[in-house]
Every structure is written in structure tokens, then in C-alpha cells.
Amino acid sequence: MEKFVVEGGVRLQGEVEISGAKNAAVAIIPAVILADGPCIIENIPNISDVSILFKILSEMGAKVRPINRFSVEIDATQNISPTVPYELARNMRASYYFLGALLGKYNKAEVSMPGGCDFGVRPIDQHIKGFESLGATVSVDHGMIDARTEYLTGGHIYFDVVSVGATINVMLAAVKAKGLTVLENVAKEPHIVDLANFLNSMGADIRGAGTDVIKIHGVDFLRGTTYSIIPDQIEAGTYMVAAAATCGDVLIKNVIPKHLESITTKLLKAGVNVVEYDDSIRVSRDGALEKISLKTMPHPGFPTDMQPQMTTLLTVAAGTSIVTEGVWDNRFKYVDELRRMGASIQVDGKVAVVEGVSSLTGAPVKATDLRAGAAMLIAALMAHGTTEIEEIHHIERGYEDIIEKLRELGANIKKVEFADALIEKAI
């Protein structure tokens, strides 16, 4: 067992380089299955979710060859199993992207139900609706999703709710379907656009990614390609909030400022200084934080993956802030951990009322999911005293070298091993 130990109260200062986008990588890596030649993927984040995807591909028969720390060559052109290994896939939500990729390439796929962070029901009805509209038969039995067809045919699909996962999965299935596929009410996140650009670089014909309607003309052949993943919008946003939380001054490099506009807007309203450059952004704070209201929404709205970090920042803002979660049903589980540190937050369903306090105090806490874990790190950095964060495997799923990056900004943080209390008692 490992945990982070953080001594709070240090201003973050300096420069930090943002890694490749986790949410783009976990879609692009399964998409390599569709290629009729080897692919080289660059700017890959060194995180546990990506490592699991590489293991899945290897066990399915693909050849995965690291080129350097940030690039890998994947050859998935021969002897690929249509069944994703259950034990590797069941704890990772993005494993369901293998459904669309395998269905698009081989007309059959079998993948376990999605796992990942637990903050609400994750229905796959929109995925199934899309696959069935393309001519597939889908069944769910004993925790496994089975999709198969003789061949896929383009169709017109209107998603009942905006779903990133369903948009990606149906895009993957449709790129080799016969004829035209039209997807309406789709997700517009940056990683949707990145996946479309990756597939188009292989010879796909996808138009409209980033808008409400995506049109896909099916093709028979997708060549191998070399492609670089976009910078991680959520990692960048996390460091933006961390700089603001510690009254710091941080230059965040390798970003696309346009992807950060919703985060920048809320930080400016809260009294934080934000300066944009071509491919970097500088965040500093020299005054008090002001109360704000925010609601998470699909892109280009405020991202749900930044809600825990921003809520944590608002715990020390003057006055009462209102945070509304507009995407997931149960994303405030981490609030109990912030209360341990002295935060004053009341949650009613999807709404959190945050009464600003003068400061937080270090305490033992845990990461309840990936972004909540990032929020605990921010809380620890801004708190007086020592904070110990357990269940850090959640954090390492999505943040590359986070200890090293924070240390380079001046944070007093370390990873230590410890024995689980229940195990010690049993021994």
C-alpha cells in the first residue's frame, strides 16, 4: 500500500509541462485495431490506464513496441482476438471502446461491462442504440457485452443524451460501415475531435467532429499512421487550480488555451490572474478568492472532470459558492474528505453549497476517484499542516509523474509505503 504525504502551505512557482490527454489516449489506442497497418502514437501519457490498454492489446495478439517514453508502435493487423481479457478490462471504463473498434474491424466484439470511477450509473444504452442502428445485434449476459453482425451499414442515429463514450464508440464502429452514418446530438469534447483527426489520418472520412452533427462515410481500408495526441485539458486545468489555491505563480506549458476557456473564465471570476500565450498559460494569485457559481455541462461548458478541483478551491473563497453537477448523479462523494480538513460544504443531490472558510487543516484523507484524488492533492497543498492521502492508485490512473511535477513547482510531497491496518491486525 502506498500513500502521498503532503506538507501544505507552500506557494507553487515555476513551470510545468502538460502531458498527452488521457481521455484522447484511451480512445485512440483501441482505435489502432481498425488500421490495416502499424501505427505510431506519440505524446502518450505515462499513466496506469494507458499501461492497462497496452496489456489488453498484447493479450489480444497485437504487437506493442515502445519507441521511447512518449511514443509507441502498435501493430494490430494479425490474429487479434475479438474478446477483451475480462480481468484487465473490468476495472476500466475506457475498455468499452474496444467494442466499437472490434465491431468496426471484425464485425464482432465481446467486452466486460465498464468499471472505472464510481460516481453514478454508467448506462450503455446509447452505445447499444448506435450499434443496433448500424445493423449489429447486442446482448448483455453475465457482465459481458456481446456485439456482432454480418456487416455494418451506415445509419442515422440521434443520441437521447449527450454521451462522450457513445459518440466515440459509434464513431469507431461506423468508419468502415457501408455507406453514410449521421450522428446527431453528439459530444463535442476536444478528445472527440482528436479521435476524428486520428482516424482521418488513417484515411477515414469523418466530418463535423466538434459540432452537434458528425457525418461518417464508410471506407474499406484504413492505413497505418503516425499521430501525436493533444495535450491534456484536465491535467492543465488541475495545475491551474493548484496554482490559484496556493497563491502561486505557474507557467503551464504545452496546452491549447482554447480548450481551457471554460476553466479560465471561472478562475478569472474568482479573482485569479490568468494570462494566455500561444501554447502556454500563466496562472497566479495575489489577492482573496471570490465566491462564484458554476455548473458542469458537456463541452464547451465547464467540464465535470474539473468540478472536484474547483470545488476544493472554493472552500477558501469569501462568501457562499454554489456548485451544480450537471453530468453525473453522484460526484460529490469526496466532500466528506474535504470536511475532515475543515471545509464547510452541504450537498443536496447534484448541488453543493460551499461556505468559504479561512483555511483548511491537514488530515488523513483518501482519493475516492481519479479527479477527487486530484482535489485532495490541491486541498493538501493549500492546507496548514500535514495531509496523508490514501488510495492513490486512482490519481495515478490519470496524472503522469504528478509527484515529480509538483516537486519541481516547490511542493513538499512524497510517496511512502504503509501497511493496511486490517492486514496488520490479521497478521
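**Entry 1: charges**

How many positive and how many negative side chains does the protein have, and how far apart do the centres of the two sets lie? I looked this up and found 41 positive and 53 negative side chains, with the two centres 1 Å apart. In this tally Lys and Arg are positive and Asp and Glu are negative, while His and the chain ends are not counted. I placed each charge at NZ of Lys, CZ of Arg, CG of Asp or CD of Glu.

**Entry 2: ground rules**

A note to myself: this is a predicted model, where local features need pLDDT of at least 70, side-chain atom pairs count only at pLDDT 80 or more, and totals for chains, interfaces and linings use all residues. Residues are numbered from 1 along each chain as its sequence is written, and side-chain values use heavy atoms, with hydrogens and water left out.

I checked the confidence next, which is pLDDT, the predictor's confidence in each residue from 0 to 100. The mean for the protein is 94, and 96% of the residues reach 70 or more. Residues 116-121 are a stretch to read with care: pLDDT stays under 50 there. The model still has 15 contacts for that stretch beyond four places in sequence; a contact means heavy atoms within 4.5 Å.

**Entry 3: the whole protein**

I counted 15 helices and 23 strands. These are DSSP runs numbered from the N terminus, with helices being H or I of at least four residues and strands being E of at least two.

What radius of gyration does the protein have, and what would a compact globule have? The protein has 22 Å, which agrees with the value near 22 Å for a compact globule of 427 residues. The radius is taken over C-alpha atoms, and the globule rule is 2.2 Å times the number of residues to the power 0.38. Along the principal axes, the C-alpha atoms fill a box of roughly 65 × 55 × 40 Å.

I then asked how much is hidden: 55% of the 427 residues are buried. Buried means under 20% relative accessible area, exposed means over 50%, and partly exposed is in between, using a 1.4 Å probe and protein chains only. About 16900 Å² is exposed, and carbon and sulfur atoms supply 49% of that area. Of the contacts with a separation of 6 or more, 72% are between residues 24 or more positions apart.

**Entry 4: helix α9 and its surroundings**

I zoomed in on α9, residues 261-269, where S262, I263, T264, K266 and L267 are buried. Those buried residues pack against α8 (233-245), β15 (273-276), β16, β17 (293-295) and α10 (307-314). Just after α9, G271 takes a positive phi of about 95°.

One of those packing partners, β16, covers residues 280-284 and includes S280. Is S280 buried or exposed? S280 counts as buried, because its relative accessibility is 9%. Beyond four places in sequence, S280 is in contact with L251, I252, K253, V255, P257 and V275.

I292 sits in the loop between β16 and β17 and is buried, with a relative accessible area of 7%. Leaving aside neighbours within four places, I292 is in contact with K266, K269, A270, L314, S321 and I322.

**Entry 5: backbone surprises**

A reminder first: most residues other than glycine have a negative phi, and most peptide bonds are trans. I found a cis peptide bond between H299 and P300, with omega about 15°. P300 is in the loop between β17 and α10.

N43 has a positive phi near 55°, and N43 is in the loop between β3 (39-42) and α2 (48-60). C247 also has a positive phi, about 55°. C247 is in the loop between α8 and β14 (249-253) and is partly exposed at 28% relative accessible area.

**Entry 6: two last residues**

Where does K3 lie? K3 lies in strand β1, residues 2-7, and counts as buried at 12% relative accessibility. Not counting residues up to four places away, K3 touches E388, I389, E390, I392, K414, K415, V416 and F418. C39 is 36 residues from K3 in sequence and 36 Å away, C-alpha to C-alpha.

F221 is in the loop between β12 (213-217) and β13 (226-228). Beyond four places in sequence, F221 is in contact with D36 and M202. The C-alpha atoms of F221 and G203 are separated by 7.4 Å, with their positions 18 residues apart along the chain.

Notes
Accessible areas come from the Shrake-Rupley method with a 1.4 Å probe; for residues, only the protein chains shown count as cover.
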